[in-house]
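Subject: The structure I promised you

Hi,

Here is the structure we talked about. Have a look around it first, then read on below.

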Amino acid sequence: MCSQVLINPFRKGCVIFSKSLARRPLANSSWIRTLSHGTQSSNNHDFHDKSGYENSKRLMITGFGAITVAGLYYYFKKNIPTVWAHESKENEVNTVAREPGSFVEGLPVYSSDDVAKHCNESTGVWISYKSGVYDITPFIKIHPGGNKILLGAGGSVEPFWSLYAIHQQPGTLALMEKYRIGNLTKGEEHLAMANMHDPYANEPRRHPVLVVKTKKPFNAETPSSLLVESFITPTDIFYVRHHFPVPDVDLSSGNYSLEVIGLDEKHSLNLNLDQLKTAYAPHSVTAALQCSGNRRSEMNRVKPTKGLEWGQGAIGNAVWKGARLRDVLLAAGIKDSDENENWHVQFDGLDADPTNAPYAISIPLTKAMDPRGDVILAYEMNGEPLTRDHGFPLRVVVPGTTGARWVKWLTRIEVSKNESESHWQQCDYKSFNPSTDWDKVDFSTAPAIQEMPVTSVVCEPHDGEKVKLKKDKLNLRGFAWSGGGRGIVRVDVSIDLGKTWHVAELLDPVKLSKQWAWTRWQANLPVQTTGQETEIWVRAVDSSYNTQPEGMEHLWNMRGVLAVAYHKIKVLVEEN
């Protein structure tokens, strides 16, 4: 290694030196001429010109010195950054490998008081997590949750992460470790959680068949094989999506009411649940509800995204019953008018973050007022009062749109010229092109997701399953759905990578418009050979002839939403 450090630079210097000579004609070089003259004098035994000889000698030493210096400069310029980068990469690997928040020998130690002094961007924003201290100042501007990250500034993030428990995932914790600057004084690690009430202590019980993604807040999906068993998804196994602890509303206390803010105070309403049921005719609608991030796990195979690792089960189909939102808004003084065309209806739920900011969202007023839009304030699901997990006592049902608009535990409605200013409306549930990342995203440039695109899924068999043919045919079942009330007109299935396609049988009645429900399908495809892996592709076509893109890589986005490419699975077809 040492010899290489000495020899390689010298060789490189020679090359640089030679190239410099090549660029500069020898005949024009005065010191070369002098060196040549001194050599000739030596050959002729003329030693009287000593000054010429000494000059030549000095020039030779200077030349070789220049060669070595140039070589060393080039060597270190080329190799030292590589060494540093390698060491940095090793450190990064070590950072990710260690247990997040654990005590790290050799790092500075800070007290809780030290951390508390760094609580804003002018002082630098420090946080603590378990035994770790972190300077997250550079991360604030790119935090997916906006400035809510400042809730933990100058203190521990653990109390807040008991609410935002989605952060406690390996990828998030590994990212945080990159901002590690030291350790918390031993003995202070548990102070943040001392006497901390668990906000999730009063959660409802859930069916054990649900596939849990996070426990706090609770998020779980329906096993895909159960989705196709019935046109209506049973409430107990319907997927659950929460951002915060589940509110526990006691109607007997008289504390619950729905506030409806119209154009002025004169037309504003304040209704309890009984008044809503009595004053407005009930309306039922059968509609599918799907999370914006359903199938995100497939998109993550292209490149990791931010969000819950949903499979294919963050969707369900139910019968909802309640008062038409249109009727309530008419009572609040809102009229059908072109002047209101670009207005919005904002919804607030009872679920809230640590600052008491509620989950809030909005939809276009045109959707809310459309007599054919079927937007309702639902108090029943599948013939029973809403359960706590699904929004008891009241939720808004917005057929054809993403589940993010279906606000649960509804407590406030406001008609406004503006969209909701909430984080969920402005800085989430939006999609960007595959080249946009968290460092350069501008959420204001994209509209909030409303109507959902067409999608389809193979529910049976499962990806990776070993299957037997029935009468030499491969039996497949699944569902398809499109937003905006667009019905499914065709489902195509291929088992030869798209060379040939088979039309699946649609199992449920389909309307070309106002088709809010999903459509189940089945296909029985002939398979010529067994004992080998078969790849199955499925795509759906809706009544506007929209269809799905072939690959997730074409619609990948950093948030992992709208994952609606062909559903592709592989199965091993066994001999009977």
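What follows is a short tour of one sheet and the cavities.

Keep in mind that this is a predicted model.

Let's start with the sheet. Three strands make it up, in the order β7-β8-β9, and the sheet is open with antiparallel pairing. At its edges you'll find β7 (211-214) and β9 (240-241), and each of these pairs on one side only. Now zoom in on β8, which covers residues 219-221: two bridges join β8 to β9, and these strands run antiparallel. If you'd like one bridge to click on, go to N219, whose partner in β9 is R241.

Hang on to R241, because we meet it again in the cavities.

How many cavities of 30 Å³ or more are there? The count comes to three. The largest cavity holds about 210 Å³ of space. It is lined by 19 residues, and those closest to its centre are Y239, R241, R395, G403 and K408. Sorted by class, that lining has ten nonpolar, four polar and five charged residues.

Next comes the second largest cavity, with a volume of about 50 Å³. Ten residues line it, and the closest to its centre are R241, R296, L308, W310 and R559. Its lining has five nonpolar, two polar and three charged residues.

So R241 turns up by the centre of the largest cavity, by the centre of the second largest one, and as the bridge partner of N219. Try starting there when you open the file.

Cheers

Methods
Residues are numbered from 1 along each chain as its sequence is written. This is a predicted model: local features need pLDDT of at least 70, side-chain atom pairs count only at pLDDT 80 or more; totals for chains, interfaces and linings use all residues. Side-chain values use heavy atoms; hydrogens and water are left out. Two strands pair if DSSP finds at least two bridges between them. Helices (H or I, at least four residues) and strands (E, at least two) are DSSP runs, numbered from the N terminus. On a 1 Å grid over the protein atoms alone, a cavity is a set of points where a 1.4 Å probe fits but cannot get out, and a pocket is an open set with protein on both sides within 12 Å along at least five of seven lines; lining residues have an atom within 4 Å of a point. Grid points are joined across faces, edges and corners, and a volume is the space filled by probe spheres set on the points. Ala, Val, Leu, Ile, Met, Phe, Trp, Tyr, Cys and Pro count as nonpolar, Asp, Glu, Lys and Arg as charged, and the others, Gly among them, as polar.
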